[in-house]
Amino acid sequence: MYGTGWESDNVVQTGLSTTELRLREEDKEAIKKYLTFIRSFRINNSFLYRDQLRRNYNLKQYFLDVKKEHLSSFDPDLDEQLSLHPHENLLLFENAAVQAIKESRMEDDEDVHSIQILFHSDQNPLPLRDLRSAHMSKLIQIPGIVISASRIQAKASTLEVVCRGCGTKRQVPVRTGFGGAEIPTFIDTEKDGLRCLNTQFT
């Protein structure tokens with residue numbers, strides 16, 4: 001998904017939605033594992049998540065509530081990847097849930113509503129005072145009550161800046177967390193034998 005940037009002629013690339021996700025081979029394999037989990041995980045003779053997904057969808061409640069310990073017992077590696085890379089893996093998990101609905105209802109892609117994956121866990125929550133930078137972008141559990149929420153804001157991981165004088169392009173990494181990017185203040189190369197004295201980048 002692309003959108004216009006904060007200034008004219010700038011482009012910002014944001015995260016892709018489930019339907020726009022370009023799947024790599026490892027992503028396809030992860031979706032198969034999530035799909036197998038939804039289809040086959042059971043307690044006694046109850047297929048817990050297959051039946052829950054079908055029931056919720058029929059009630060127009062488009063979510064699947066997953067106990068994280070169940071996923072961990074089913075596939076520890078998959079659970080670890082979800083904890084370490086939740087943004088990418090949640091999209092894959094939701095993609096698998098949509099596929100499970102399509103299989104059970106025999107519907108086309110455009111007829112299936114997107115599914116939200118929710119998690120709950122019995123593990124002890126992490127105290128807020130123990131939060132560290134290592135927990136950034138990880139799936140963790142903390143105590144508290146949500147009293148307000150705001151929309152997620154997109155943040156680039158890499159910027160491409162262009163010199164207004166000579167057109168030289170630079171790839172500038174953006175620091176994680178609340179860090180920003182260091183925009184170059186001069187051109188360190190020559191074009192046609194001349195060094196550009198311009199310091200304006202867009």
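The following paragraphs describe the fold, two of the helices, the salt bridges and a surface patch of a predicted model.

The protein chain contains five helices and eight strands, and, when read along the sequence, these elements follow the pattern β-β-α-α-β-α-α-α-β-β-β-β-β. Of its 202 residues, 26% count as buried, and the chain exposes about 14,500 Å², of which carbon and sulfur atoms supply 51%. Among the contacts with a separation of 6 or more, 49% are accounted for by residues that lie 24 or more positions apart.

Helix α1, which spans residues 25-40, has 16 residues and reaches 23 Å from its first C-alpha to its last, a value close to the 22 Å expected at 1.5 Å a residue. The buried residues of this helix are D27, A30, I31, Y34, L35, F37 and I38. They cover an arc of only 155 degrees around the axis, which puts them on the same side of α1. The face of α1 that is turned away from this buried side carries the exposed residues E25 and K32. On the buried side, the residues of α1 pack against α2 (48-58), β3 (63-67), α3, α4 (76-84) and α5 (86-105).

A comparable description can be given for helix α4, whose buried residues are L78, D79, L82 and S83. Seen down the axis of α4, these residues fall within an arc of 140 degrees, so they line one face of the helix. The exposed residues P76 and D77 are carried on the face of α4 turned away from its buried side, while the cover over the buried residues of α4 includes α1, α3, α5 and β4.

Helix α3, made up of residues 68-74, contains H70, which counts as buried because its relative accessibility is 15%, under the 20% cut-off. When residues up to four places away in sequence are not counted, H70 touches F37, F41, I43, L48 and Y49; of these, F37 is one of the buried residues of α1.

A search of the whole structure finds five salt bridges, three of which are described here. In the pair formed by K28 and E25, the closest N and O atoms are 3.7 Å apart; both residues lie in helix α1, three residues apart, or about one turn of the helix. An α-helix has 3.6 residues a turn, so residues three or four places apart point the same way. Within this pair, K28 is partly exposed, with a relative accessible area of 37%, whereas E25 counts as exposed at 58% relative accessibility.

The side chains of R39 and E103 also meet in a salt bridge, with an N to O distance of 2.5 Å. Because R39 lies in helix α1 and E103 in helix α5, the pair ties together parts that are 64 residues apart in sequence. Both members are partly exposed, R39 at 37% relative accessibility and E103 with a relative accessible area of 39%. A further salt bridge joins D51 to R50, the closest N and O atoms being 3.4 Å apart; here D51 counts as partly exposed at 28% relative accessibility, as does R50 at 31%.

On the surface, L128, L131, I140 and I142 form a nonpolar patch, and together these residues have about 320 Å² of accessible area. One of them, L128, is found in the loop between β4 (116-120) and β5 (158-162), and L128 counts as exposed, with 52% relative accessibility.

Methods: Residues numbered from 1 in each chain as written. Predicted model: local features only at pLDDT ≥ 70, side-chain atom pairs only at ≥ 80, totals over all residues. Heavy atoms only, no water. Patch = residues over 30% accessible without salt bridge, like charges linked within 9 Å, V, L, I, M, F, W, Y side chains within 5 Å. Areas by Shrake-Rupley, 256 points an atom, 1.4 Å probe, with all protein chains shown as cover. Salt bridge = Lys/Arg side-chain N within 4 Å of Asp/Glu carboxyl O. Helix = DSSP H or I, 4+ residues; strand = E, 2+ residues; numbered from the N terminus. Buried < 20%, exposed > 50% of the residue type's maximum accessible area, 1.4 Å probe, protein only. Contact = heavy atoms within 4.5 Å. Expected span 1.5 Å × (residues − 1). Arc of directions from axis to C-beta.
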